[in-house]
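Here are a few short exercises to work through with the model open beside you. Try each task before you read its solution.

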Amino acid sequence: MKKCITRKALCILLSALLTVSVFATCLVFSASASGMSVSYDIPDGVTVQASPYGTVDVLVDGVKDAETPIVKWEGNQKYMFALRNGTGAVCEYTLTLDLDGKKFVKGVVLSILNYTSGNVGLPEAVTFEVAGESFTATIGEGNAQIVDIAADFGKSVEADKIVAKVTYSAESNRKYNMYTEFSFVEGEAPVEEPSTAPSESKNLALNATVLNTPEYVDNESQWPCSYNGKVNDGIIAEYGALGMAGVDWAAFYYNNDSAKNNFDGKVGEIVLDFGSVTEFSSFRTHIYGTGGSGIAEIEKVEFFVSDDNSTWTSVGSVTENLTGEGAWAELEAEASGRYVKYAYTKSSTVGGVFLFISECEAYGKVAAEESSEEPSEEPSEEPSEEPSEEPGDEPVIAKPENSAFNLDVQLSADNVKAGSSFVATITASNLKSFLYGVEATLTYDKDLFELYLPTGNFLDTLLAKNVESGEWESLTTAEAGKIELSFVTAEAANLIDEDSFAIVLMFTAKADVAANLASYIVVDAVAGTNADSDRVDGTGSFAKITTGEKAPVTQPDAPVIKDVKDPAAVIAVEFPESVKAGDIFTVTVTLEDLKNSFLGVEFALKYDDKAVMPVLPADLMKLFSAPYVQDSDWESLTTVEGNVINFAAVNAQQANAIQSADDFVFTIPFVVLDDVADGYHIYISIDDVALTTVDAERVEGQGTYADITVGNDGPDEPSSEEPSSEEPSSEEPSAEPSVEPSSEEPSEESSKTSPETGDFGVAAIALLALVTAGGVFAVRKFR
């Protein structure tokens, strides 16, 4: 039975069904003063002393001593931030000074009271960590006075924070650490060395196509690694950053007869296609340099050019200065060609199985274009009344040298009409380490779109693994045109790993927006917190969307289903006879006419991605509504490839075999896209049916397909592929939403904040809410 759900009903359903996670108190706190702030991380058993002692913000109040020198703590507690070690053992804690932006620092001072007769003493050791470097602190001497814990870096270091790692003594006369100030010594910005890149030239390789990036990925051994970095993205990989952190490196690999070999063990080659014959003035490439365990050195780099990617001309080679912690092989020589080849000769003396490459560059002069025409007093053309469909230059996204992860943005549609909605999904990928928090800035054109937040709570937009059971907090803020996304967790069990983090936001095109306008949804200023509580930078992305009507969808032919002689079972499918654009409907699949008992079922479900979109759970076993399957030891091996869902479910226990139609039932929710015309036929086919019997015999079953018409009102009950001779049941399905469309006109206020009824975006988010009880759901297919 098909039911339409109104905008008002959707909001009620969302408010009722979406849940908010409760964030547990974490031992990481912060305060601020004068733009800077201090936070601390303490283990169990170490406590912060309450009033009359000061809070952590006294460490950035600019007062090192009280009005009179502090010789004891009585009467001066408000100037001190006090910690007490109650563990009875040596332990560690951290103090972090946030510098309120990047600053040049050449030293740091942490001031503390030493008063041993009062159980107030000094830590055993302190190390300051600044911009990835560690500096051992010198602890001053003296009793009954303020002592400085200091480090002189001997150079200027650019940093946005300073972390003090403190080793806390267990001695009774040093039970209390009482700090008064956390400050730094300002350094000077270093004088920039002149660039070694050719002057008045541009790295043309950034826009070239890489024809053969060397890749080596191993996720199976005890030393997992990922060396498949892009060699023309402008990111210089870090020397020594290998393992899973080595994603910015590309690797040639040769080890005897290994199946992972990607070159002949002598010369590795990378070819770039510049699209047309190009004039070059110089070439260079960044390599690993000095070898190590399993890492070979490169003894020669040679550069070639070609017009046809077949006949090559050598431009020259480099054999010197190819070692060190990262090295550049540079050659100034004029040459022309469409293709450039970089050839790396493995060292004959320093062997290994890997050759690491970070960047391939080719420079050419870019002349400024000057117009020789005199400016005309009269405009040459009348201004066009039609808005331009181009949004101008693409957004420039920050690309940190050592990006810790990516945030990828995908849109549910590439075109949206006035008053309609679309969904933006932001997912984390290419993680170099686990994350406890993610933050980013999302910008959009506030003159074209409005953010629509059904529940008013950004936490409900977060679809991450363990969100429902985990302790998550949203610190997100929003204003017109910009959303400062921020999500954090305190639980190690709920940290973010690959494919476990997604944010879903819905936008509505304003009712008066013109057609043929193009815009970008941009995610940038990406950062996260890793498992070591360090702040790491990430890389954002953007997606383009245009306004206006789209061309009508072309009607596909009905699917052809393979005819199986004497099938072991038959697929039966139930579906609504008709739907409307924006509707939510379900397809229910069962096995009938079983001729055996089965321990495995597989088939391919193909849907029309121009007309519908499935919503699949993270745990695909949640699709099965038969308690028999869910409660027994069945395993889903289902995969999704484009618009084909390859279903596979297996069980090793003969006692749990499928023996009747009631044992194997699953339901797939779909959303009808909002640009599907009336009269269109939506086909969803189920074919290539195979089953495994209890005797481990593989047999075939008969498939079928659903034919659903858009725009025509059908009967209330879903129809089966085969008409039933039995009398229809008088019972109405209890799980079907029964909210009928409202006949009331929307109020002026509600029409400003809610999208129109039937919108794809509203339906998609409502559907996510409706099936929340079945697990975290995410849209798997985007157009």
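**Exercise 1. Two aspartates with positive phi**

Task: Find where D688 sits and decide whether D688 is buried, partly exposed or exposed. Then do the same for D593.

Solution:
- Step 1. D688 has its place in strand β42. Strands (E, at least two residues) and helices (H or I, at least four) are DSSP runs, numbered from the N terminus.
- Step 2. The phi angle of D688 is near 55 degrees, a positive value in a residue other than glycine.
- Step 3. D688 has a relative accessible area of 46%, so D688 is partly exposed. The classes are buried for under 20%, exposed for over 50%, and partly exposed in between (1.4 Å probe, protein chains only).
- Step 4. D593 lies in the loop between β35 and β36. Its phi is near 55 degrees, again positive in a residue other than glycine, and its relative accessible area of 55% makes D593 exposed.

Before you go on, two notes on the source. This is a predicted model, where local features need pLDDT of at least 70 and side-chain atom pairs count only at pLDDT 80 or more, while totals for chains, interfaces and linings use all residues. Residues are numbered from 1 along each chain as its sequence is written, and side-chain values use heavy atoms, with hydrogens and water left out.

**Exercise 2. The core around F603**

Task: Which residues have the most contacts inside the largest nonpolar core?

Solution:
- Step 1. A nonpolar core is a set of buried Ala, Val, Leu, Ile, Met, Phe, Trp, Tyr and Cys residues joined through side-chain atoms within 4.5 Å.
- Step 2. The largest one has 40 residues, and F585, F603, L605, F670, I682, I684 and L691 have the most contacts inside it.
- Step 3. Among the elements that give two or more residues to this core are β35 (584-592), β36 (598-607) and β42 (681-693).
- Step 4. Now select F603. Leaving aside neighbours within four places in sequence, F603 is in contact (heavy atoms within 4.5 Å) with residues including I571, F647, F666, I686 and D688.
- Step 5. A second, separate core has 38 residues, including V46, C91, L99 and A159.

**Exercise 3. A four-stranded sheet**

Task: What is the strand order in the open sheet that contains β29, and which strands stand at its edges?

Solution:
- Step 1. The order is β21-β23-β29-β25, with antiparallel pairing. Two strands pair if DSSP finds at least two bridges between them.
- Step 2. β21 (406-411) and β25 (449-452) are at the edges; each has a single partner strand, so one side of each is left without a neighbour in the sheet.
- Step 3. β23 (residues 421-429) pairs with β29 over seven bridges, and F422 has F507 as its bridge partner.
- Step 4. β25 pairs with β29 (residues 502-509) over four bridges. F449 stands opposite A509, and Y452 stands opposite M506.
- Step 5. In a regular strand the side chains alternate between the two faces of the sheet. In β29, A502, V504, M506 and T508 point one way, I503, L505, F507 and A509 the other, and all are buried.

**Exercise 4. Looking for disulfides**

Task: How many disulfides does the structure hold?

Solution:
- Step 1. Look for a pair of cysteine sulfur atoms within 2.5 Å.
- Step 2. The structure holds zero disulfides.
- Step 3. C360 is buried at 0% relative accessible area, and C91 also counts as buried at 12%.
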